Amino acid sequence: MISIDSLTFRYGTAPVFENLSIDFKKNLNVVIGPNAAGKSTLLKCLFGLLKAQGTICWEGNDLSSLSKDERRNIMAYLPQEEMPATYLTVFEVALLGRISSLSWHITDRDLEKVYGALKGLHIETLAERFAGEISGGQKKLVSIAQTLVRDPKVILMDEPTNSLDMQKQLELFDVIHQIIADKDIKFIIVMHDLNLSCRHAEQLTILDGNGAVYASGSPKDIVTEEMLRNVYGVEANVIYDNKGIPVVSPIRSL
Amino acid sequence: MDKTVQAGREIYINIVQKKITIITALIFVILFSLVINIFVGSAGLTLSETVAAIARQADDTSILVVWDIRMPVALSAVFIGAALGMAGCEMQTILRNPMASAYTLGLSSAASFGAALAIVLRFSVIPGVGNYMLIANSLLFTMLAAGVIIAFSKKSGADRGIIILFGIALNFLFGSLTTLIKYVANEVDLQSFVFWSFGSLTKMNWEKLAVTVFVTVLCFIIFARKAWKLTAMSLSDTNALSLGIDVNQVRRNTIFFVALLAATTVSFAGTIGFVGLVAPHLARMISGEDQRYFLPLSALIGALILSLASILCKILVPGTILPIGLITSIIGIPFFTALILQRKRSYM
């Protein structure tokens, strides 16, 4: 799907990561790592908000050979921060996802896409509410609707479960699995929560604190007590549930 | 497939129908206020005499009063009000700050400073403009202030926090420079500057009105063409960027045209506070922030407020025309406060 090859990004002279190479192969890819490992920066580089050296390929094609618009047709990006208290209705926020083709007059296709996206996420009853006055979990869904109306091939998400309670976090992943099944959209998601990541990631990529890839693969194979020591500097137990999914229980900081 | 379109259309119509109705209604109310405004005045014309004079079917004096004095003032109230409403709307949008208006970022202080130079020191930045000295000075300094802000934001890649901070600094700078001029002014000049700064439409004529209309319509078209981009500015910067919008560029362009509106209104009518703040606020409560409606509504509400204020300043003290800037603030602020309190309650 998306592969990056020797990607380097610096803020000023300090490198965030150097010669990073990752091959995202699965439908649901999760990137984890300690604070300041460059996870968010990596997403911004993938989307093109930040310019990194190196190559990023989509299905084997170098993204730098594509125009901005073509690139945005492939990828959508969901920032980390919550939607501000805006006086736009949920419907209008989702509609803005189609901004590159919107004119003064709203077409049938716009209406179809927006309503379809809201309905698919079961938030069509919120359509006429102001996006600023709905709950955090609903706001996240509205943001997702805003990306879906563009029919992207890949959705990049920066810590989408932040500020969501346990149930909403699980619901969010249900939604993601459903989008993958229904629309064949791939995801690259930056996460903090290891246990949630282990449960849902098909491919987990672990960045270490120095902006290098520590491991990338199935959570079962790479989430180990040794990894937690080396990458996070914590002592932790890793146990396995009945499906063989690793569950991390942190003990103390080393 | 069709069902989805249908369901989407139903929601969409629900969202926009009310806005369209209110916009249409407002246009009629403004036209009505315009007629009242032309009718009201100290010359003591009756309604039928006024109508006759509008149709140029009356005696010369009545025609003169109506056509050369009242009509330009009444129409100016509408267009300057619209300009202030629009400028406030876009300033609040790009700075994502409900306290912003055309006068934020020191734009009006710059205009006042230019006016002070003209009124007190009779100094014209562009030589040989004669009677247009005040207008030329105001325009020049406002655009200079805008240019400095734009250049500054370009250089620092500034976000809105830094732009606001820099704007406040400019505001103080021009405010102090104006005070300096007032300090050296003689009594007569000082008085005429103070009177100018109250804000008044009485100096408006057809010529100035034409310029105001041109600038207002031009800026409306420019903003309207960017309606969706400006709408996206009410999301977060990152969100707008993720939609492919160059937020800094939108911000800079908008500041330029807001400055043009501010310069025009201030140089012709002095500082008329409050309209630019309250009109977008009311508009937002009605239409939300979809700029296709938010922008025209802000303009129309601004037009209506200033049109009503223009009527009030003629009838409050019979025989006198109070400065319109005083009316908008003194009457407007209690009204505005009540509105905010009421809304807060309805949200709780």
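The legends below describe views of chain B in a predicted model.

**View 1. The fold of chain B consists of helices without strands.** Chain B holds 14 helices and zero strands. Read from the N terminus, each element in the series is therefore an α element: α-α-α-α-α-α-α-α-α-α-α-α-α-α.

**View 2. The C-alpha trace of chain B spans about 70 × 50 × 40 Å along its principal axes.** The radius of gyration of chain B is 21 Å, which agrees with the value near 20 Å for a compact globule of 348 residues. Of contacts between residues at least 6 apart in sequence, 75% join residues at least 24 apart.

**View 3. Chain B has both a buried part and an accessible surface.** Buried residues account for 54% of the 348 residues. The chain exposes about 15500 Å², and 69% of this area comes from carbon and sulfur atoms. Chain B carries 25 positive and 15 negative charges, and the mean positions of the two sets lie 9 Å apart.

**View 4. B:Thr271 sits in a loop between two helices.** Helix 11 (247-269) comes before this loop, and helix 12 (275-287) comes after it. B:Tyr103 is 168 residues away from B:Thr271 along the chain, yet their C-alpha atoms are separated by 8.6 Å.

**View 5. B:Thr271 touches residues from other parts of the sequence.** Beyond its neighbours within four places in sequence, the contacts of B:Thr271 include B:Tyr103, B:Ser108 and B:Ser112. B:Phe198, B:Gly199, B:Val266 and B:Gly325 are also among them. B:Ser197 is another contact, and the side chain of B:Thr271 reaches the backbone oxygen of B:Ser197 at 2.8 Å.

Conventions: Residues are numbered from 1 along each chain as its sequence is written. Chains are lettered from A and ligands numbered from 1 in the order in which they are written. This is a predicted model: local features need pLDDT of at least 70, side-chain atom pairs count only at pLDDT 80 or more; totals for chains, interfaces and linings use all residues. Side-chain values use heavy atoms; hydrogens and water are left out. Helices (H or I, at least four residues) and strands (E, at least two) are DSSP runs, numbered from the N terminus. Contact means heavy atoms within 4.5 Å. A polar contact is a pair of N or O atoms within 3.5 Å; within protein, one must be able to donate a hydrogen and the other to accept it, and residues adjacent in sequence count only if both atoms are side-chain atoms. The radius of gyration is taken over C-alpha atoms; the globule rule is 2.2 Å times the number of residues to the power 0.38. Buried means under 20% relative accessible area, exposed over 50%, partly exposed in between (1.4 Å probe, protein chains only). Accessible areas come from the Shrake-Rupley method with a 1.4 Å probe; for residues, only the protein chains shown count as cover. Lys and Arg count as positive and Asp and Glu as negative; His and the chain ends are not counted. The place of a charge is taken as NZ of Lys, CZ of Arg, CG of Asp or CD of Glu.
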